[in-house]
2 protein chains.
Amino acid sequence: MLSRLLLCTTLLISSATGFAQKQPSFEYTDAQKLTLIGKAFTSTPAVYHRVDTLLYADIPPAVKKLLTHSSGLAISFSTNSTAISAKWCTKKSPHYNNMTAIAYEGLDIYIKRGNQWVFAGVGRPEADTCTEFTLVNNMDSSVKECLVYLPVYDETKELSIGVRKGASLQARPNPFKKNILIYGSSIVHGASASRPGMAYPAMLCRQTGYNFINFGVSGNAKMERSVADMIAPLPMDAFILDCVPNCTPEQVTERTAYLVKAIRAKHPGKPIIAVQSIVRENSNFDLDIAEKIRQQNGNFLKEISALQKTDKDLYMITADGLLGSDHEGTTDGTHPNDLGFDRMVQKIKPAVLKIFKKYGL
Amino acid sequence: MLSRLLLCTTLLISSATGFAQKQPSFEYTDAQKLTLIGKAFTSTPAVYHRVDTLLYADIPPAVKKLLTHSSGLAISFSTNSTAISAKWCTKKSPHYNNMTAIAYEGLDIYIKRGNQWVFAGVGRPEADTCTEFTLVNNMDSSVKECLVYLPVYDETKELSIGVRKGASLQARPNPFKKNILIYGSSIVHGASASRPGMAYPAMLCRQTGYNFINFGVSGNAKMERSVADMIAPLPMDAFILDCVPNCTPEQVTERTAYLVKAIRAKHPGKPIIAVQSIVRENSNFDLDIAEKIRQQNGNFLKEISALQKTDKDLYMITADGLLGSDHEGTTDGTHPNDLGFDRMVQKIKPAVLKIFKKYGL
């Protein structure tokens, strides 16, 4: 029954696009032979996990599990192939009703054109845990610099990149400079981007050239001391703390100072940028949610302001305008849609670039 | 196994939002006792079908099936309830990997604030065919004008609106004036809006106050004569034809004139607005798709230009800038994400308003 439904979907989609997909033969290379970017920890036992959780006994199990998701990871390579495909296997997420399967267990590909990273195609996940899909087809045969983004809400078990027989395929260096960790909630993690490359840390990378690292842990960015202690020593050039949404107002008050001071102790003189929670659109009429967000953001501002008295390298980006002003920037009231993510980027980007410039980054 | 996964998802989502959902008791009213808006045909045997397909023997079966989807339909009512919930049943769509389940089989609710329709919440569909969900909670008790949008890619079998015991609940008139049919592809139908209210005809309604009617038939807007003959006599004040994406270039040439003339014969002196296909973002590197779109749009412009010589009420909105210029406006290369839909609206809205003004609409 399921396969019949999926066949039906596939037919509908093929029909909807109107373009039959050609299936040229591909030669596959394990993506581990190419360049994996987007990881805060360079060595993990499972290549597409974001952290070696065995090394951190004290971090909460939920955080460990979420850090096995391949959010923010991408493969950097160049090829002159006229078509690029992928074979990948995920652990198989549960079904998220506020995300597309392309986002939570699929792929998307960008190709550099001049100075711009330009969207080229997606990998649509199939019913089983493994899929083969042609990401982009019928291209000219010039050498192209490519980025393939991995699923944001699932564990990626295997990934191979396919090119036409005889075409070149080479690892490329990380195209993004410096390292900026973004620690945050489901919003950083990638919900509800329509595809992996639309998560806001990924958008910031492409639009600024800086290497923003996705340390989003859906529902669990609670500034626990164990997590603060794990993050603090990482070899970063800057930190962005977008971790208000998952904390109670009381937790914001109790935990913010420890997190900031833990990072500061390891990174004197480097920018730490705190971001207030987006004002969730499900608070437009729900007075309880509206009050909770006011308290969360109010307490965060209070904590950060107090710390700024003795920390001149600590900055704040306020919630004002983060999702625009028309209240249309979320999928479900809590998680930005692509319109909301674009607006977040349009506010955060100039703010962080101004700060980075000041520090010569 | 499925239910375990879904439980897991629900927990993750509850945890992600950080706000436990209160479950006050609700009194339910069948939505058929309220006001259903968005239908081109006022009488259909199944209330949430867009057309009585039995009356049109000659239209293609795929078109008939797609017109059973509740795309663009909404319930208009007012209430002073502090919480609003819904119980609804869908036929149960196949799983679409380029859409959220909230869009294809869920709900969203808007509430009027001053002159603006403001997003208030969503209805997340559950695993079974029927779901009960609190759309919005903890509101003040003023009387509010509400719109609940129905699923865009599924057949809605039943729908009831729940309010707190003792609260008022009344049918409201259609808040949108005149009738403008938008005939088109999956893009009109609602793929890949993140929720029903983000399909572009729905956005146009809220932003302009005009009643744009969703006549999107995913993959099947092929300007067949039988469909043209079905659409032409409808009591509309204007027509928008966004039906290029599903046609071959040859079909565009062969079929455009018949469709326009069929409508014109029934509606002398009323505006007909032709819209070129968006330039799909999967054509950024795929030379075959790029060439096909050039031909589709070129042939459409040629046909419309020829017709305009004798039809002064026929207009054209070109593809230029419909998705913006950063190539980020789609979920999968073909279907706009909410960013793309917002950009389409920002181009189409002023163009149609200018035309409507000319006709005193």
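# A walk through the two chains

Start by selecting β5 and β8 of chain A: 4 bridges join β5(A) to β8(A), and the two run antiparallel. Keep in mind as you click around that this is a predicted model. Within this pair, find A:I109, which stands opposite A:V148 in β8(A).

Stay on β8(A), residues 144-149, and add β3(A), residues 74-79. These two strands pair in the antiparallel sense over 6 bridges. For a landmark, click A:A74; the residue opposite, in β8(A), is A:Y149.

**Zoom out to chain A**

Now show the whole of chain A. You should be able to pick out 9 helices and 15 strands. Along its principal axes, the C-alpha trace spans about 60 × 45 × 40 Å. How does the radius of gyration of chain A fit with a compact globule? A compact globule with 361 residues would have a radius of gyration near 21 Å, and chain A has 21 Å, so the two agree. Of those 361 residues, 53% count as buried. And if you take the contacts in chain A with a separation of 6 or more, 79% of them are between residues 24 or more positions apart.

**Colour the two domains**

Next, give domain 1 of chain A one colour (23-38 + 73-171) and domain 2 another (177-358), following the domain assignment. Notice that domain 1 is written as two stretches of the chain. The centres of the two domains, taken over C-alpha atoms, are 28 Å apart. Where they touch, domain 1 of chain A gives 17 residues and domain 2 of chain A gives 17 residues.

Look at the domain 1 side of that contact. α3, β5 and β6 of chain A each supply at least two residues there. Which of them gives the largest share? That's β5(A), the strand you started with, with 3 residues. By type, this side of the contact has 12 nonpolar, 4 polar and 1 charged.

**Into the sheet of domain 2**

Select β11 to β15 of chain A. These 5 strands form an open sheet in the order β12-β11-β13-β14-β15, with parallel pairing. Look at the two ends: β12 (210-216) and β15 (314-317) of chain A are the edge strands, each with a single partner, so one side of each is left without a neighbour in the sheet. As you step across the sheet, the twist averages 20 degrees from one strand to the next.

Zoom in on β11(A), residues 177-184, which is joined to β12(A) by 6 bridges, the two running parallel. One bridge to find there: A:I182 has A:N214 in β12(A) as its partner.

Now switch the helices back on. α8(A), residues 287-308, packs on the sheet and touches β14 (272-275) and β15 of chain A. Its direction makes about 155 degrees with that of β15(A). Then select α9(A), residues 338-358, which lies across β12, β13 (238-242), β14 and β15 of chain A. α9(A) runs at about 165 degrees to β15(A).

**Bring in chain B**

Show both chains. How many residues of chain A are in contact with chain B? There are 61, and they meet 61 residues of chain B. On the chain A side, the elements giving two or more residues are α1 (2-17), α3 (101-105), β6 (116-123), α8 and α9 of chain A. The largest share, 8 residues, comes from α1(A). Colour this side by type and you'll get 24 nonpolar, 26 polar and 11 charged residues.

**Last stop: a sheet in chain B**

Hide chain A and select β1, β9, β4 and β7 of chain B. These 4 strands form an open sheet in the order β1-β9-β4-β7, with antiparallel pairing. β1 and β7 (130-136) of chain B are the edge strands, each pairing on one side only. Neighbouring strands are turned by 25 degrees against each other on average, direction ignored.

Focus on β9(B), residues 156-164. Is it enclosed or open? 7 of its 9 residues are buried, so β9(B) is largely enclosed by the rest of the structure. On one flank, β1(B) (26-30) pairs with β9(B) in the antiparallel sense over 5 bridges; look for B:F26 opposite B:R164. β4(B) (84-90) also pairs with β9(B), antiparallel, over 7 bridges, and there B:T90 has B:T156 as its bridge partner.

Finish with β4(B) and β7(B), which pair in the antiparallel sense over 6 bridges. Click B:S85, and you'll find B:T134 of β7(B) opposite.

Technical notes:
Residues numbered from 1 in each chain as written. Chains lettered and ligands numbered in written order. Predicted model: local features only at pLDDT ≥ 70, side-chain atom pairs only at ≥ 80, totals over all residues. Pairing = 2+ DSSP bridges. Axes fitted to C-alpha atoms, helices over the stretch in contact; angles between N-to-C directions. Contact = placed C-beta atoms within 7 Å. Nonpolar A, V, L, I, M, F, W, Y, C, P; charged D, E, K, R; others polar. Rg over C-alpha atoms; globule rule 2.2 N^0.38 Å. Buried ≥ 20, exposed ≤ 12 C-beta atoms within 10 Å, placed from the backbone. Domains from an automatic or database assignment.
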